[in-house]
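Trainee: I am new to this structure and would like to take a close look at a single part of it. Could you walk me through that part with care?

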Amino acid sequence: MKELLKKLCIDRGVSGNESEMLEVIRELTGTFAEVSADAMGNILVTMGDRNADRHIMLDAHMDRIGLVVTYINEAGFLKAEPVGGIDLRTLPSSAVKVRGKKTVLGVVCTMPPHLSQNDTELSKDNIWIDTGLPAEQVKELVSLGDTIIVCSVFRELLHHQVAVSALDNRAGCAVLVRCAELLKEKTLPCRLSLVFSVQEETGELGAGISAYTLNPDEAIVVDVGFAKQDGVPDEKSGKIGCGVIVSISPVLSTKVTDKIKAIAKRLEIPCDYEVCGGSTGTNADKISAARDGIMTGCISIPEKNMHTQVEVVSVEDMEKAAELLAVYVQEGGVRHA
């Protein structure tokens, strides 16, 4: 699982620019499944019997948060805006990679503390990046609309935890790949579509398109959820080591959720739960409302420090999530009443 994460948590795939992930997914699954991409960029991995009377879809969004170049001033400094909900508190003095004609390294400008005032905190309208290059060279290498990724280093922590950026939601992508590996030598009672969807961080756009096109009988979304840590409400978080957080929501199918809970009990995965009074804030919201409605469930991997350069998950939780999904698929999901 750690090796999967290292391959997936690459400096690519800011929302709207996920095409470079196709070859990564093809490398990981192409030897035992059919891999393709739709017009929007969603990556589809197809397994099982295409003619089966049941069709199950598993979804994990592959896009990551980042920045986009919006202006280049006469001195060669780059102005940027967030793509997705990047944590602005973590940006000042961060190192970045600008994905221009070639990758250009830079740093997010910050005011020296000797000169700063309380009202000079970084805002989404005041992000400037210094590459150290002359203005002429910057304008030759960088164009408006180029994406920017905040640098991060993959670190192994104690108790099977890892820290790196983009675990939201490359952790979910790794779970789907691992689930596919567990199923590759099995005879499946259904058609299985693994969807690595685009643009979740900018409106859950890809999942809605893929659900409409595939029109599965049922779906499960895999994302990350808040892990318990100081300041995070207990009722909105799950403990790292619980296996998965199971979502309960009016927009989700009770049948799918109950099936997930039953399998988790059999596999002795303890689980935590997040109960939502409305939408889940995940791709499940768009998938469940596609066409004439798709029975949808949602599980999450507990994650600390979401939307930062040091997101933390447990690879043991991810392995349990993959096992749970593999059993769900092998049993053919649920049946319409």
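Trainee: Which residues have the most contacts inside the largest nonpolar core, and how many residues does that core have?

Mentor: Please keep in mind that this is a predicted model. The largest nonpolar core has 62 residues, and those with the most contacts inside it are Leu58, Leu192, Leu194, Phe196 and Leu325. To see what surrounds one of them, take leucine 192: once its neighbours within four places in sequence are left aside, it is in contact with Val45, Thr46, Met47, Ile56, Leu58, Leu183 and Val329. Leu58 therefore appears twice in this picture, as a residue with the most contacts inside the core and as a contact of leucine 192, in a set of buried nonpolar residues joined through side-chain atoms within 4.5 Å. In soluble globular proteins, nonpolar side chains tend to be buried together.

Another of those contacts, Leu183, belongs to helix H4, which covers residues 167-183 and reaches 23 Å from its first C-alpha to its last, close to the 24 Å expected at 1.5 Å a residue. H4 is mostly covered, with 14 of its 17 residues buried.

Besides the largest core, there is a second, separate core of 19 residues, which includes Ile65, Val69, Ala80 and Val138. Of these, Val69 lies in strand S4 (residues 66-72) and Ala80 in strand S5 (residues 78-83), two antiparallel strands joined by six bridges. Both strands take part in a closed barrel of six strands, running S4-S5-S8-S7-S6-S9 with antiparallel pairing, in which neighbouring strands are turned by 45° against each other on average, direction ignored.

Key
Residues numbered from 1 in each chain as written. Predicted model: local features only at pLDDT ≥ 70, side-chain atom pairs only at ≥ 80, totals over all residues. Heavy atoms only, no water. Helix = DSSP H or I, 4+ residues; strand = E, 2+ residues; numbered from the N terminus. Expected span 1.5 Å × (residues − 1). Buried < 20%, exposed > 50% of the residue type's maximum accessible area, 1.4 Å probe, protein only. Pairing = 2+ DSSP bridges. Axes fitted to C-alpha atoms, helices over the stretch in contact; angles between N-to-C directions. Contact = heavy atoms within 4.5 Å.
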